[in-house]
Amino acid sequence: MSENLKFVPHATCTFCGCVCDDMDLTVDMDEKRITKAENACVLGKAWFREHGIEQRPYALIGGREATTAEGVEEAAQILARARFPLIYGLSDTTCEAQRVAVAIADMIGGTVDTTTSVCHGPSGIAFETVGESTASLGEIKNRADMVVFWGGNPAEAHPRLFSRYAVTPKGMYIPNGRKDRTVVLVDVRRTMSTPVADIFLRVKPRSDFEVLWALRALVKGRRVDPSIERRTGVSLAVLEDLVARMKSCRYGAFLFGMGLTMTRGRHFNSGALLALTTDLNEFTHWVAKPVRGHGNVTGADNVVSWQTGFPFGVNFSRGYPRFNPGEFTTVDLLARGETDAILILASDPAANFPKAAIEHLKRIPVISLDPKTTLTSQLARVAFTTATYGINVGGTVYRMDDVAITLRPAFESPYPSDEEILSAIRDRVRALLGGNRVPAVAPAVAAAS
Amino acid sequence: MGSSLRIVNGRVYDPANGVDGEVRDVCIRDGKIAADAPPDAKRIDAAGMVVMPGGVDIHCHIAGPKVNLARKVQPEDHRYDVHPRTRVTRSGTGGSVPSTFATGYRYAGLGYTTAMEAAVTPLGARHALEELHDTPVIDKGFYVLVGNNVLLYRLLQEGRLEEFRNALAWWIKVTKAYAPKLVNPGGDELWKGQRNANITSLDDKIGPFELTPRKVIAGFIEAATALGLPHPVHIHCNNLGHTGNVATTLETMRLAEGRRTHFAHVQFNSYGPAAGKSQTNPTSGAREIAEFVNTHPNISADVGAVMFGRSTIMTGDAPLAYMLRQFGGTKWVNADTENESGCGIVPFTYQDRVYTNAMQWAVGLELFLLSQDPWRMVFSTDHPNGGSFVTYPRLIRLLMDREFRKARMAEVNQKALDRSGLRDLSREYSLNEIAIVTRAGPARLLGLTRKGQLGVGADADVTIYEEDPDKEKMFSAPRYVIKDGELIIEDHEFRVDHEGRLLHVAPDFDPGIEQVIEPFFEDFYTIRFANYAVDDRYAPHHEIIPTAPQAAGARP
Amino acid sequence: MTEVMTLIGGRSSKQGTALCAGKLAPEYIELTSVVEMNVEDMARLGLSNNSKVRLRTPVGEAVLRCKGRETKDLPSGILFMVYGPMTTQLMAGDTAASGMPISKNIDVEVEPVPEAGTGT
Amino acid sequence: MLLNGVLIEDTFAEAFTMRVARLLITARTPRWAKEAALKLTGFATSVIGCKCEAGIERELAADDTPDGRPGLSVLFLTMDKESLPQRLIERIGQTVLTCPTTACFDGLPDVPDRLPVGKALRAFGDGFQASKVVGDRRYWRIPVMEGEFLIEETFGMQKGVGGGNFLILAADADAALAAAEAAVEAMSGHPGVVLPFPGGVVRSGSKVGSKRYKKMVATTNDAFSPTLRAVTESQLPEGVNSVLEIVLDGTDGAAIESAMRLGIRAACRPGVKAISAGNFGGKLGPHHFHLRRILNGASPPPAV
Amino acid sequence: MSLAFTLRTPPTVPLEAEVLTPARLAGLSAPEAAKLSVVHGNERADLGEFFQVQGTADGGGAGEFRLTGDLSRVKHVGAGMADGRIVIHGSVGMHLGAEMTGGEIIVEGDAADWVGPEMTGGRIVIKGNAGHMVGAASRGSAVGVRGGEIVVFGNTGNEAGHGMRRGLVAIGGDAGDFAGVSMLAGTIVVLGSLGWRAGAGMRRGSIVTMHPVELLPTFSYACTYAPLYLRLLLARLRRLGLPVADAQVSGRYQRWSGDAVELNKGEVLILEA
């Protein structure tokens, strides 16, 4: 270790949606490496430790080394030519880069979709159906005397959700921290998170909806069939007890994970939880919060929403934004083979999409932007190496509770940022198209979904 | 900056400079109104047209966390109102909460060049600024929500008034806000901490604090006056939307005691007691409110008129949104912000046959028609709460065209109309008065000396409308819109894109106040103090409007 | 012998830390190639830790190593594995107009894979 | 004119315009449909005392009803538009709604004038009722102790004809009755026509008003009453000792005419002296059914 | 002869062809129809670039036309149509008959997601299978089918009749999950099996199925009876061509009330075996 150390206080970890901004980093400036990340959880420590500078080509075109500029030209040509281009990912980069990504999609008449569609997209659909009572994480810290974790494993995926925001911290009206809260955990299996709970409800797989629906009925004083126990593994008596506690707490909070969204029922599972939250407000204050994965997936939701009116899966091919999950979302467009070019921004769908979608990725020109080699970058026509946001690149990220935070990069990277590459692509595409592409067809508003 | 321009032959309405419909030239140089323009300046022949300063919206909700939630929650409201891109402008969607680009272009498309987002939590400031950055053409700013701020309450409760004032200045400055905003003071603590309760009078105790709304409001008026802000405290009163709230509103207005204070969307706070057999149907309180404002030059207000049709209730007044959710259909959004605010959102439709909605519509019009000083009772619909800003041209016509108003009156709930004073009012607004309530007045109330007027040195934000007896049509689509001297809209079409400025204030404070604030952050916020202040990158084009601090406790 | 069980995909902190090192690193590939199974189910199927097992759905299949978990942690009939290249093989592309493929609680056929030399 | 030796007088039956609805009543068995229909059409002989007139038009096979069950069609008439829905609501509510297994459908679905009968009766459901649209017709399902009563939301109303009639003038009471029975038999099931009186026959034909009692709207038809032949201005031919009347209500004049033709022919049998008809001199009713023309197959003059 | 379109060049990316309605084609010759605009991906194109067009549109008002080929990437066919008739020989893409108010569409093949969303009248008949969201509300909207009839001979995906307020969705085969979710009124008949969670959040309306199903615990059993209106309904389905058995017409059904989480005024009718 060299003597050339730099101390970067108040830095922000973008590994997960907690976006903790209390990282005090020590950087070895000679080795371009973060040697210490105070306050970081196990995931944060790995995030900061492992994102050093790797020796990689600036760009690869068809597997051949190229300059960033050559990559930009190739990418711009692909995007300008494509009839149904898709821009996907966005959740592990800054809002500044996301804004450019949406601008490109708008200009070329493409589609923009984020990793939200395969994470809490269903919760987004649920939000559009029932709304949501929610709060910034500080309100949960300061006020929540009952916290219910549903379908998630924060101990392994969001460790500081427990320690910084929702379980152990002392808050304004929670002077004794953990002792002042009732913690409930609902999951289909025991996990590392289970021990934190006062009450653990193990529900049978794929029965969350039934449990939530029964809770809604009980909150409203309606009848629930006793078969609920056989079907969900949770007895009516247990549910009644839970409802009594929920109605009598002062400030309750649900924090729910992809155990709801990725299983059969999808948006209805999240919707049931959001509706239950609304129902409970008839009796006392309740909020709910989807626990988000990627560091700036919440920023992606926000940027896409303010620029288009819709949170993800937005298509511009007719000259204006349209939203329709299943029609304009990435898994669907790929699995149906409808998209003819894709720019993947800081995401690795080749590693987690269904087989049918990955097979189409192999058939079309892929442009990837990523600090690291990924399965996706390996099959890309154009693969850019980028600087890592939060470590090498400043900008804005949104915490899972919509709080925007400014990054404090620790050291410079020789690689350009996503924003720089995207801006260059945007400018080049604009030159190729002579401005925004305007399809000469009147809006078909009646059929505009 | 734009090139030079000379607008000739137009009838000019520039009330700030006493110009009332004179045909005269308006010259523009380097983005400002000039005494003359070079001979090679582009000429716009405005014969048969009306030339006005660009519109200034003193109160709307167009950017920030709550606006984005309201956008996201209503995809069905965007589908039928798309905003296609052009070669030079971005696409977007409309509905009652348009996307940022559509917001900017549509304001410009109505001839508005400045708009103030009226409620942003300090914690949401960075977000609001990002959205405002993506809101093209117009200049913009926002009011920061401070009226339920826990630390400020603590300072006020402990009588630490100087620290209170410094902390207020700090909050305004570090968030790059334009003015302090109070929303339902005291309500959030009851909402969040006491099982969704609410404040019902100025003398209610605010939860665990030894404070009342009366004390809080007075404290803010005092502190803001001392800071000498260009726009004073901007208040959304307690009991908003409730039958009989006119008493609370008048009591709150009296708290100003001669100091400048602005009352937001007073229509929603001008309801008399219940009438007839109903326990809830309000009567009109417009006359009492208008009289108070007429006779108190320190008081200003924007109307917050209600226009029938689809709207979105979005407010820092969370208990109000909760109450309205029973009328709104299936969706309700609530969003608590730590130590700072609450927020509620409900999609809503005002129906002309519904008593209460018709009364709200009538009260808004009454307030306009009873106002004797258009400079202090200015134009707003509290977009999108009372209706979208795209309804402004219709509202203008309702004010300018008695026959149109009468025809519309015939279609609304007649019982409500009977209990309002609208039938007795035959006044019609002149173009000069419209220019005051939509431009010169709001600019003056905001302390924006270079806006809302066409004197030499003013910002060259100019709108040119083709004269038309149908005022709704006339104000719906200006022929030309000039922003900062640049011809943005020509022959009704966008020629170029444009990025406006952020308008904000930066009141001085004693840096020692940070030693008071920081420990509170470490205990009760989930973001580090060091990461809270918004830096200049979020306002790449901005203008700081100066303050004029006064000695503490000074009275005008 | 095959049985139908319910496969839960998920994350682990080990996966998270390995991810930072890179998805092509051996430890990540190793982590995403293991399926956790109830020990009694394993015994019934004649499996032991590190035995090979084939999971099959209507869209594809994957061969994994299995790892036993006690009933209190993982009930009979439930499988757990972290997301990765193997889970993608088993996921269907239909999202039911939601954008979201089903990646938790997938019904899979479980079949032990005899290994050369085990002689059973 | 003579038919089978029976004199067909040269006169006409004078009928009124009424408002008519057609109801299809179905049930689990023909019996229960009939029970309901009989109650519904009971005490509905004449608007004079019943405020409505009604009768069973015909029996319907299961294949001919909307729900594929046996049933009956009923014609229901009143003098004015306003009272038709009122009477229907009262009567269906008391007689069909109450009757086991029945359902009630509109038999005039293509008629534009709609009566909100089911719509009113749904209130019996006390908020538990539910509506259902099948095809383009809306029905109400009203929960009852037995299960559910189904009724169409609206019923068509059109102009109909009431008071078509003919008189059987016979030598004696037995001959009159036998002829009337034969006439009814011949007309029964005729589409568009009902005979509202008991067994289709009325013995107490009436005249308008009273010679003696101011309050009476109708009193005995003394001109055709054999016992009064000597004390009044009788219109009875010689040898007539008993008269029975058949009254026909229908959906339109053509149906009445066609039914009258069948009925009169059947009535012309031994013992019958003449067939006549009741009219008021042509001043009150717009529909005139000239007996001889009917029997000759000619159309009646158009309604005024 | 009516207009007939035969897909000659299958689109490689989605083709949006809301021009394919009887009203838009009324009175056009084949060359005129071939000139109509469609959106191919992100660019305008002529209908004729993809379809061979023959015949002439029926004169006077909306007539009938015919589409042949694999149109599974052709979206918005018949969207917003008010009258006339479209016959499709082959499969068809999303948003078929979206928001239509009248007329009839017959598909002799399969249909993709979003058949007849938010339609208010008319009829869509799919002889094969249909995708998800048959007759559903668009995302964010609370109201789906407001009138008219959708008949699918085969199976459907999830959320058939989501938020429907009036009208009929009849499915000859099986329905996916959440059939009739949040329905406000109207009727869904499934001759095959219901998927999971049918009728979740329904306020009013009827879901009828011919196979046993376990409903959500917020539904309560009421009685077993022979609802008379079903005889009318099933007779109508027969006329529309669905294979309704006599035993279904004359059968007894379990009536379940729900959803208790909402108004509890809906019903699910399950044929007794």
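1. A quick term before we start: a residue counts as buried if 20 or more other C-beta atoms lie within 10 Å of its own. By that yardstick, buried residues make up 47% of the 304 residues in chain D. Keep in mind throughout that this is a predicted model.

2. Staying with chain D, I'd look at the overall fold next. The chain has seven helices and 19 strands. Its radius of gyration is 20 Å, close to the 19 Å that the globule rule gives for 304 residues, so chain D is as compact as a globular protein of that length. The C-alpha trace spans about 65 × 45 × 35 Å along its principal axes. If you take the contacts in chain D between residues at least 6 apart in sequence, 73% of them join residues at least 24 apart.

3. Now the inside. The largest nonpolar core has 549 residues, and those touching the most other members are A:Leu79, A:Ala101, A:Ile104, A:Val147, D:Ile25, D:Ile168 and D:Ile275. The top contributor to this core is helix H12 (residues 355-370) of chain B, with eleven residues. For a feel of one of those hubs, click on D:Ile25: neighbours within four places in sequence aside, its contacts include D:Ala33, D:Ala36, D:Gly71, D:Leu72, D:Val96 and D:Cys104.

4. Which chains share the most contacts? Of the six pairs of chains that touch, it is A and B. Here 52 residues of chain B are in contact with 58 residues of chain A. On the chain B side, strand E20 (332-336) is among the elements supplying at least two residues, and E20(B) in fact gives the most, with five. By class, that side of chain B divides into 17 nonpolar, 18 polar and 17 charged residues.

5. One helix pair across A and B deserves a closer look. Helix H13 (residues 297-308) of chain A packs on helix H1 (residues 65-72) of chain B at an angle of about 75°, with the axes 9 Å apart. H13(A) and H1(B) are therefore roughly perpendicular to each other. The residues that meet are A:Asn302, A:Ser305 and A:Trp306 from H13(A), and B:Asn68, B:Arg71 and B:Lys72 from H1(B). That contact is made of one nonpolar, three polar and two charged residues.

6. Chains D and E also touch, through 14 residues of chain D and twelve of chain E. Strands E8 (130-134), E9 (137-143) and E10 (148-152) of chain D each give two or more residues to the chain D side, and E8(D) gives the most, with four. That side has seven nonpolar, three polar and four charged residues. By contrast, chains B and C make no contact, their closest C-alpha atoms being 14 Å apart. Chains C and D don't touch either, with 29 Å between their nearest C-alpha atoms.

7. Lastly, some backbone oddities to check. Most residues other than glycine have a negative phi, and most peptide bonds are trans. B:His383 and B:Pro384 are joined by a cis peptide bond, with omega about -5°; B:Pro384 sits in the loop between strand E22 (377-378) and helix H13 (392-400) of chain B. Another cis bond joins E:Gly258 and E:Asp259, omega again about -5°.

8. As for positive phi, D:Asn4 has a value of about 50° and lies in the loop between strands E1 (2-3) and E2 (6-8) of chain D. D:Lys51 has a positive phi of about 65°. Are these two buried or exposed? D:Asn4 is exposed, with 11 other C-beta atoms within 10 Å, whereas D:Lys51, with 16 such neighbours, counts as partly exposed.

Definitions and conventions. Residues numbered from 1 in each chain as written. Chains lettered and ligands numbered in written order. Predicted model: local features only at pLDDT ≥ 70, side-chain atom pairs only at ≥ 80, totals over all residues. Core = buried A, V, L, I, M, F, W, Y, C linked by C-beta atoms within 7 Å. Buried ≥ 20, exposed ≤ 12 C-beta atoms within 10 Å, placed from the backbone. Contact = placed C-beta atoms within 7 Å. Axes fitted to C-alpha atoms, helices over the stretch in contact; angles between N-to-C directions. Parallel < 35°, antiparallel > 145°, perpendicular 65-115°, else oblique. Nonpolar A, V, L, I, M, F, W, Y, C, P; charged D, E, K, R; others polar. Rg over C-alpha atoms; globule rule 2.2 N^0.38 Å.
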